[in-house]
Protein chains: 2
Amino acid sequence: MELSERKMTILKAIVRNYLETGEPVGSRTISKYTDLNLSSATIRNEMADLEEMGYIVQPHTSAGRIPSDAGYRVYVDVMMEEKTKEVEEIKVNLLEKEAKLDQLLKQTAKLLATNTNYASMVSAPVIQGNRLKLIQLSRMSDRQLLVVIVADGNIIKNSIIPLSESINEETVLKLNILLNTNLNGLEIENITLGLIASLKQLAGIHSDIVGEVLDAVADAIHADEDLEIYTSGANNIFKYPELTDNNMASSIINTFEEKQDLNSLVVRNLESEDNNGIRVYIGEESPVASMKDCSIVTATYNLGDGMKGTIGIIGPKRMDYDKVVDNLKDVMHQLDSIYKK
Amino acid sequence: MELSERKMTILKAIVRNYLETGEPVGSRTISKYTDLNLSSATIRNEMADLEEMGYIVQPHTSAGRIPSDAGYRVYVDVMMEEKTKEVEEIKVNLLEKEAKLDQLLKQTAKLLATNTNYASMVSAPVIQGNRLKLIQLSRMSDRQLLVVIVADGNIIKNSIIPLSESINEETVLKLNILLNTNLNGLEIENITLGLIASLKQLAGIHSDIVGEVLDAVADAIHADEDLEIYTSGANNIFKYPELTDNNMASSIINTFEEKQDLNSLVVRNLESEDNNGIRVYIGEESPVASMKDCSIVTATYNLGDGMKGTIGIIGPKRMDYDKVVDNLKDVMHQLDSIYKK
DNA sequence: GTTAGCACTCGCCCAATCTGAGTGCTAACA
DNA sequence: TGTTAGCACTCAGATTGGGCGAGTGCTAAC
């Protein structure tokens with residue numbers, strides 16, 4: 001069977017109505033709600049077809065219909081297509097300029113959660129093809145070295161490394177110069193084994209220390225695998241009874257607290273570029289098991305210099321996709337422009 | 001009326017029974033549960049007294065009794081007294097040694113939550129009377145300076161400060177020496193205005209920069225006002241129906257997500273030293289409004305060098321206080337000893 | 001192809017009823 | 001005087017059954 005124009009109109013009406021009310025919607029409602037001027041009986045015939053096609057389901061006999069995951073899917077796809085044609089609307093809920101990036105991202109998460117009444121998450125930017133700006137070694141004690149690494153976008157990492165041999169101030173100075181002259185401006189991925197070997201050679205008798213320092217650099221970068229994620233409005237899920245039944249709320253809250261799963265969501269999301277950077281996961285499509293009854297909308301922000309991160313909204317399947325997408329786009333652009341200043 | 005020994009026994013039996021079952025407990029149960037060999041009728045008389053004295057309440061006529069906040073209070077007080085007499089028991093759920101303090105604390109929170117089946121929080125240590133170990137300035141660009149501050153306990157803070165005048169490498173080196181020779185080993189509280197003034201004088205034409213750097217130091221320390229708090233097991237509250245009614249769960253989860261209130265709990269807790277460092281807040285005693293229906297048990301850990309933090313367990317009023325106190329004591333000692341190694 | 005009409009289904013609401021745990025009181029007993 | 005058995009009473013919670021209404025599918029007619 002084919003999804004005729006009329007069927008499409010009816011499907012859209014059903015979804016939109018259900019988003020508003022959260023109640024199964026019946027044929028009579030649609031008959032009035034649309035401007036098709038069809039009787040409820042005709043609508044019923046069409047609805048029977050739509051059900052057969054898998055776009056809507058009946059929670060129980062003699063109830064109205066609600067959209068299936070597939071139904072939401074076509075609704076969202078059509079909506080997204082229409083959105084790309086729309087003129088970009090400028091909103092006024094400006095993010096305040098914040099000195100520190102982490103504060104800004106926290107605030108972003110909060111703003112999104114408040115505006116949408118869903119739960120939100122914002123990941124810190126992942127370093128991608130990022131360049132080293134500065135490596136600073138400082139001698140803390142006889143056998144302890146403080147390593148500070150600054151990368152593009154002023155991302156700072158520290159670590160204190162214990163040394164197997166003792167070291168004096170002069171050596172530290174030499175190593176600083178050695179490392180900075182050879183590594184600055186390099187992309188982190190480009191620090192090869194060959195380069196490391198030649199550095200070690202240059203360091204002479206201190207080659208061990210160079211090795212340890214570079215290990216620390218690698219570690220510091222590697223630590224980004226579990227990157228910071230800011231969340232807000234997790235308690236908004238309590239506004240949607242369908243998410244608080246059973247122990248659904250428990251597992252959702254857990255996901256938000258552990259953040260491990262959100263992390264893999266971010267990683268997965270950054271890997272594939274998309275449609276304006278906006279992606280919609282509906283129900284079972286969700287990559288996170290605990291959110292099989294939610295929808296997740298994500299966007300990718302890009303601060304330049306390969307600094308990308310993910311923003312996401314998590315809510316019930318009957319979320320207001322329009323509003324959410326608008327909000328995400330808006331915040332995305334605001335983030336970009338604030339940072340460029 | 002006086003709280004006779006027999007009344008005390010009955011009260012303890014009621015509390016203990018209610019902790020186990022979560023159901024109001026009746027006279028017949030107590031009559032069997034205790035070894036007093038009294039009939040249910042006698043127990044009823046005593047219970048009427050206990051109710052009049054405010055230690056127990058009836059949720060409704062013809063229901064059993066449950067402990068009031070006051071009832072829990074005497075139970076906990078007696079228990080705590082008995083505990084101090086007990087020999088310290090050594091548990092086996094060792095925390096693994098972790099290189100990084102934040103990892104260790106995260107793990108601690110998780111362990112507590114899993115062991116107790118309540119929600120847990122662990123605050124990062126507050127710096128109290130902490131000494132500066134190292135200040136490291138590095139020139140990032142013409143008008144940007146990277147400041148890295150290391151304090152006792154290897155607490156590291158960075159910030160990048162914009163300068164109002166340009167600066168060269170040589171000056172940075174001088175300032176590094178100046179600051180380190182004058183400030184190292186000083187407690188943060190002891191950096192007085194007088195000292196700052198004399199440093200500025202020593203810096204000569206670069207006095208402005210010294211001012212800016214010291215501001216950054218102050219800022220970095222000040223940022224500790226909202227210190228890191230690790231939480232775990234927030235979803236455990238769903239195991240206790242009395243905490244998930246109404247929108248209680250929502251506000252508890254919110255408190256856990258925002259962490260602002262937990263923060264003030266920590267601060268308040270560190271101010272007053274107590275009874276083994278263990279404190280119990282029951283219901284209305286709670287300093288956090290959203291937890292008026294919970295009990296909170298906190299402990300203070302002390303890593304030495306004035307580094308103290310708070311560990312807390314949040315659960316229903318009918319929590320297993322015994323177990324919680326044991327767990328907290330245990331973890332407290334483990335933290336202390338791990339760090340001393 | 002569209003519509004009116006009709007029988008049918010089934011979740012939900014409400015009120016009535018029943019059950020059982022638990023109480024308070026009283027009278028009797030040691 | 002403290003303890004106990006007995007009894008009437010209370011009340012939340014579970015169970016039942018009827019009525020309502022929203023909604024459906026089917027059929028026959030336009």
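This report walks through how two protein chains meet two DNA strands in a predicted model.

**Getting oriented in chain A**

A good place to start is chain A, which is divided into three parts: domain 1 (5–67), domain 2 (93–127 + 226–339) and domain 3 (132–221). Between domain 2 of chain A and domain 3 of chain A, the C-alpha centres are 36 Å apart.

**Around DNA strand C**

Now turn to DNA strand C, which has 20 residues around it. Those that come nearest are Arg6(A), Thr42(A), Thr61(A), Ser62(A) and Ser27(B). Where the protein comes within 4 Å, 78% of the atoms of DNA strand C belong to sugar and phosphate.

The bases are touched too. The side chain of Ser62(A) places a polar atom 3.0 Å from a base oxygen of DNA strand C, and an N or O atom in the side chain of Arg44(A) is 3.4 Å from a base oxygen of this strand. On the backbone of the DNA, Ser27(B) has a side-chain N or O atom 2.6 Å from a phosphate oxygen of DNA strand C. Two elements give two or more residues to the surface near this strand: H3 of chain A and H3 of chain B. Which of the elements has the largest share of the surface near DNA strand C? That is H3(A), with four residues. By kind, the residues of this surface are four nonpolar, 12 polar and four charged.

**Around DNA strand D**

DNA strand D also has 20 residues around it, and here Ser27(A), Arg6(B), Thr42(B), Thr61(B) and Ser62(B) come nearest. Of the atoms of DNA strand D within 4 Å of the protein, sugar or phosphate makes up 77%, while the rest belong to bases.

Helix H3 (40–52) of chain A and helix H3 (40–52) of chain B each provide at least two residues of the surface near DNA strand D. H3(B) gives the most, four residues. This surface is made up of four nonpolar, 12 polar and four charged residues.

The table lists polar contacts of chain B with DNA strand D.

| Residue | Protein atom | Atom of DNA strand D | Distance |
|---|---|---|---|
| Ser39(B) | polar backbone atom | phosphate oxygen | 3.0 Å |
| Arg44(B) | polar side-chain atom | base oxygen | 3.4 Å |
| Ser62(B) | side-chain N or O atom | base oxygen | 3.0 Å |

**Putting it together**

To recap, H3(A) supplies four residues to the surface near DNA strand C, and H3(B) supplies four residues to the surface near DNA strand D.

Notes. Residues are numbered from 1 along each chain as its sequence is written. Chains are lettered from A and ligands numbered from 1 in the order in which they are written. This is a predicted model: local features need pLDDT of at least 70, side-chain atom pairs count only at pLDDT 80 or more; totals for chains, interfaces and linings use all residues. Side-chain values use heavy atoms; hydrogens and water are left out. A residue is near a molecule or strand if one of its heavy atoms lies within 4 Å of it. A polar contact is a pair of N or O atoms within 3.5 Å; within protein, one must be able to donate a hydrogen and the other to accept it, and residues adjacent in sequence count only if both atoms are side-chain atoms. Ala, Val, Leu, Ile, Met, Phe, Trp, Tyr, Cys and Pro count as nonpolar, Asp, Glu, Lys and Arg as charged, and the others, Gly among them, as polar. Domain bounds come from an automatic or database domain assignment.
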